[in-house]
Amino acid sequence: MQKKDFFGRWVALRKTNQVMVMDEGLFSKRAALEVQKNIIICNRCGQKTPKKRAFLPNQQYYCPACIMLGRLTTQHILYTIEEPNLFLDIPDPLTWKGELSKNQLRCSNKIIQIQRDNKNFLLWAVTGAGKTEILFASLADAFKKHKRVCIASPRVDVCNELYPRLKAAFECVTMVLLHGYQAEKYEYTQLVICTTHQLLRFKGAFDMLIIDEVDAFPFKDDVMLMNAVNSARKSVSSLIMLTATPTHSLMKQVRRKKLEVGYLPSRYHGHELPIPKIIIRTNWLKELQRGKICNKLRKIINSWIDNKEPFLVFVSRIDFLRDVNLVINKFVNGRCEGETVFSADKERIEKVQKMRNGTFQYLVTTTILERGVTFAGLNILVLGADDELFNSASLVQIAGRVGRSAQEPDGDAIFLCSRKKMTVVNAKKQIILLNLKGRKIKNESLFDVPE
């Protein structure tokens, strides 16, 4: 391994391995696991585990909490070298030639200042507001100053979508994409795009850390991942959080003046969010299990197929995927192609790409595609929107997949329910309110807490 592989990063090596003895003074090291009377403490993820649960047959212990990053045992030592910010001078790193709207520009300028002042900031922006483009100027400013930056998201699909966009916007900046499905080997780069779990590998690395979809599972309310954020950033650094549906705890910090906020309730193209249509059909699930679709849905899906419009069908549980896809396949009758996709699907990335390039016209999906992905001209159907798995925030995010393109800003968002439920009604009300706020925003401050 090279020294740069250790910059701002925990590297786990077995105690028997020797690490560049002549330069050992460069390294900080610590035991991977601390063994106490009844528990073991992991120094990579910070989690405590009862000794009985962590015991190995060879009389050693391991950490089950962060095993997805590779098994860490009492036979390992964690090595790191303090982040040196060894990056090339890039006078003009931003190669993106697009333009921001007036309100996007105001948020962009604010984030530049936040980044320079090493503060924390929440950008609360409606789905399709152009959050990524709003970040470009602050990223360019950071890169010019040799700062190291990370953009992390809880969702793999969000990372996969961000990477090519950032690659095109910053052609001369070194960057790497890191997540559990990625075969690309780790390299020391100025920009890291990764899932939030990958932050556990870093130590005091980032001058600017951006968390996209900060309210999404599995990041939301996960103490281990919150600790990973604090560990991965430098003690003097900026933290930018992005979301369209902020959590109660984030808004509590905002209202107590402990967190600055930028509020953008309008989309970059100026068109309003499509308002979802709620369809009540008490026996829709029984009909589906008999291989039938109600006439109203038949007409809607037929129009999507005839007009060659892509669509996502959301279900609440993995168990429903196969049955729903069989019915859709039977109904489609060879007129277009589609598939199912879920979080543990080994072909997940390939299927999403086929949807993106038009090979598939539809996907039957779980909530893994509720946020952070963009398909032009998309329509969505949520089967069982009144299921407990779908809360108001997730339904707003799902509806937000529609109309994201300036060329095709409209589309259908259909919520099929067996009963009228407040989470569904509230999601629709939130979207109506966002559209109203978007119309009024010209006369309001973007940096005050909205009512």
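The legends below describe three close-up views of a predicted model.

In this predicted model, local features require pLDDT of at least 70 and side-chain atom pairs pLDDT 80 or more, whereas totals for chains, interfaces and linings use all residues. Residues are numbered from 1 along each chain as its sequence is written, and side-chain values use heavy atoms, with hydrogens and water left out.

**View 1. Surroundings of E133 in helix α3.** E133 belongs to α3, residues 131-144 (helices are DSSP runs of H or I, at least four residues, and strands runs of E, at least two, numbered from the N terminus). Beyond its neighbours within four places in sequence, E133 contacts W96, L100 and R165 (heavy atoms within 4.5 Å). Between E133 and E213 the C-alpha distance is 15 Å, with 80 residues separating them in sequence.

**View 2. Helix α4 and its covering elements.** The end C-alpha atoms of α4 lie 20 Å apart, in agreement with the 20 Å expected for 14 residues at 1.5 Å a residue (the expected span is 1.5 Å times one less than the number of residues). Because ten of these 14 residues are buried, α4 is largely enclosed by the rest of the structure (buried: under 20% relative accessible area, 1.4 Å probe, protein chains only). Among the buried residues are V156, E161 and A169. The elements covering the buried residues include α3, β8 (149-153) and α10 (348-356).

**View 3. Side chains of E133 and R165.** The two side chains are joined by a polar contact of 2.8 Å (a pair of N or O atoms within 3.5 Å; within protein, one must be able to donate a hydrogen and the other to accept it, and residues adjacent in sequence count only if both atoms are side-chain atoms).

Methods: Buried < 20%, exposed > 50% of the residue type's maximum accessible area, 1.4 Å probe, protein only.
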